[in-house]
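Hello,

Here is the structure I promised to pass on to you. Please open it alongside this message, and then read on for what turned up in it.

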Amino acid sequence: MSIHRPRISSANIDVRIVGTPDEFAMAMAVRAAVFLAEEDNITYFDEFNGNDYAATQLLGFVAGDPAGVVRVRWFAEFALIERIGIRKRYRCYPMLSALAHGAL
């Protein structure tokens, strides 16, 4: 079964910091779709933890649809970029680049 992957240009991607409970739910849904649904060796407790509430979550959208997510955890002298996930239909370099630039 092939997956239709729309052509995505960076002009169609919007990355923003999660700021509402609805956006937080979207971020967790994207991570669940990517890591729990696609990986056989990841458990819920491997992917989700208390750090989700203390970190900055960024969501990438394509035409309003949540497409990608990245979590940034903050420490005294550095930030840790982790949990980058992009839904299969939106996996492309422009989405990865937009999320990476947003996190940086």
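Below I go through the sheet, the cores, a few individual residues and two unusual backbone angles.

Please keep in mind as you read that this is a predicted model.

**The sheet**

A good place to begin is the open sheet, which has four strands in the order 1-2-3-4 with antiparallel pairing. Strand 1 and strand 4 are its edge strands, each pairing on one side only. On average, neighbouring strands of this sheet are turned by 20 degrees against each other, direction ignored.

If you want to trace the pairing, start with strand 1 (residues 13–17), which is joined to strand 2 by five bridges and runs antiparallel to it. Two of the residue pairs are handy landmarks: Asp14 has Phe61 of strand 2 as its bridge partner, and Val15 has Gly60 of strand 2. From Gly60 you can step onward, since its bridge partner in strand 3 is Gly68. Strand 2 and strand 3 are joined by seven bridges and are again antiparallel.

How covered is strand 2? Six of its seven residues are buried, so the strand is mostly covered.

Helix 4 (93–103) packs on this sheet and touches strand 1, strand 2, strand 3 and strand 4. The direction of helix 4 makes about 150 degrees with that of strand 2.

**The nonpolar cores**

As general background, nonpolar side chains in soluble globular proteins tend to be buried together. In this model, the largest nonpolar core has twelve residues in all: Ile8, Ile13, Leu58, Val62, Ala67, Val70, Val72, Ile86, Tyr90, Met95, Leu99 and Ala103. At least two residues of this core come from each of strand 2, strand 3 and helix 4. There is also a second, separate core of ten residues, which includes Ala27, Val30, Phe48 and Phe61.

Val70 is a nice member of the largest core to click on. Residues up to four places away in sequence aside, Val70 touches Thr56, Gln57, Leu58, Ile81, Glu82, Arg83, Ile84, Leu99 and Ala103.

**Three buried residues to look at**

Gln57 sits in strand 2. Is Gln57 buried or exposed? Its relative accessibility is 3%, so it counts as buried; the cut-off for buried is under 20%. A polar atom of the Gln57 side chain lies 3.2 Å from the backbone oxygen of Asp52. Beyond residues up to four places away in sequence, the residues touched by Gln57 are Arg16, Ile17, Val18, Phe24, Met28, Arg31, Asp52, Val69, Val70 and Arg71.

Glu23 belongs to helix 1 and counts as buried because its relative accessibility is 13%. Which groups does the side chain of Glu23 reach? One is the side chain of Arg16, in a polar contact at 3.2 Å, and another is the backbone nitrogen of Gly19, at 2.7 Å. With residues up to four places away in sequence not counted, Glu23 touches Arg16, Ile17, Val18 and Leu59.

Val34 is also found in helix 1 (residues 21–38). A relative accessibility of 8% is why Val34 counts as buried. Leaving aside neighbours within four places in sequence, Val34 is in contact with Glu39, Gly85, Ile86, Arg87 and Arg91. To get a feel for the scale, you could look at the C-alpha atoms of Val34 and Pro21: the two residues are 13 apart along the chain, and these atoms are separated by 20 Å.

**Two positive phi angles**

Most residues other than glycine have a negative phi. Where does Ala63 lie? Ala63 is in the loop between strand 2 (56–62) and strand 3 (65–74). The hairpin formed by these strands has two residues between them, and there Ala63 takes a positive phi near 50 degrees, although it is not a glycine. Ala63 counts as exposed because its relative accessibility is 79%, where the cut-off for exposed is over 50%.

Arg83 also has a positive phi, near 55 degrees, and is a residue other than glycine. Arg83 lies in strand 4 (residues 79–86).

That is the tour. Enjoy exploring the model!

Warm wishes

Note on methods
Residues numbered from 1 in each chain as written. Predicted model: local features only at pLDDT ≥ 70, side-chain atom pairs only at ≥ 80, totals over all residues. Heavy atoms only, no water. Buried < 20%, exposed > 50% of the residue type's maximum accessible area, 1.4 Å probe, protein only. Pairing = 2+ DSSP bridges. Core = buried A, V, L, I, M, F, W, Y, C linked by side-chain atoms within 4.5 Å. Contact = heavy atoms within 4.5 Å. Axes fitted to C-alpha atoms, helices over the stretch in contact; angles between N-to-C directions. Polar contact = N/O pair within 3.5 Å; in protein donor to acceptor, adjacent residues only side chain to side chain.
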